[in-house]
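Ready for a few short exercises? Take a look at the molecule below, then work through each task with its solution.

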Amino acid sequence: MTDQNKRVLVLSLARVGKVHDKRQLNEEKLADFVPDNIPIHVDLGFQGLQSVCTV
């Protein structure tokens with residue numbers, strides 16, 4: 001995760017093998033800690049993110 005100035009704020013754990021980005025995001029629950037008033041900008045691989053995240 002980065003901020004609007006592209007500063008790295010969070011790095012996920014490195015994993016062996018292929019893991020889809022959204023699966024890793026869900027498993028690590030990184031987006032769950034982002035307050036609702038903070039916009040999350042993602043690519044099409046993360047469709048449905050807003051409906052999954054609850055804070």
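**Exercise 1.** Find the partner of Asp3 in a salt bridge, and say whether each of the two is buried or exposed.

*Solution.* Start with the pair: Asp3 bridges to Arg7, with 2.6 Å between the closest N and O atoms. A salt bridge here is a side-chain nitrogen of Lys or Arg within 4 Å of a carboxyl oxygen of Asp or Glu. Next, check accessibility: Asp3 counts as buried at 13%, while Arg7 is exposed at 54%. (Buried is under 20% relative accessible area, exposed over 50%, partly exposed in between, using a 1.4 Å probe and protein chains only.)

A quick note before going on: this is a predicted model, where local features need pLDDT of at least 70 and side-chain atom pairs 80 or more, while totals for chains, interfaces and linings use all residues. Residues are numbered from 1 along each chain as its sequence is written, and side-chain values use heavy atoms, leaving out hydrogens and water.

**Exercise 2.** Work out which residues are joined into one network by salt bridges that share partners.

*Solution.* First, Glu27 pairs with Arg15, their closest N and O atoms lying 2.7 Å apart. That link spans 12 residues, from helix H1 to the segment before H1. (Helices are DSSP runs of H or I, at least four residues, numbered from the N terminus.) Then Arg23 also bridges to Glu27, at 2.8 Å. Arg23 and Glu27 sit 4 residues apart in H1, so about one helical turn separates them. Put together, Arg15, Arg23 and Glu27 form one network.

How values were computed:
Helices (H or I, at least four residues) and strands (E, at least two) are DSSP runs, numbered from the N terminus.
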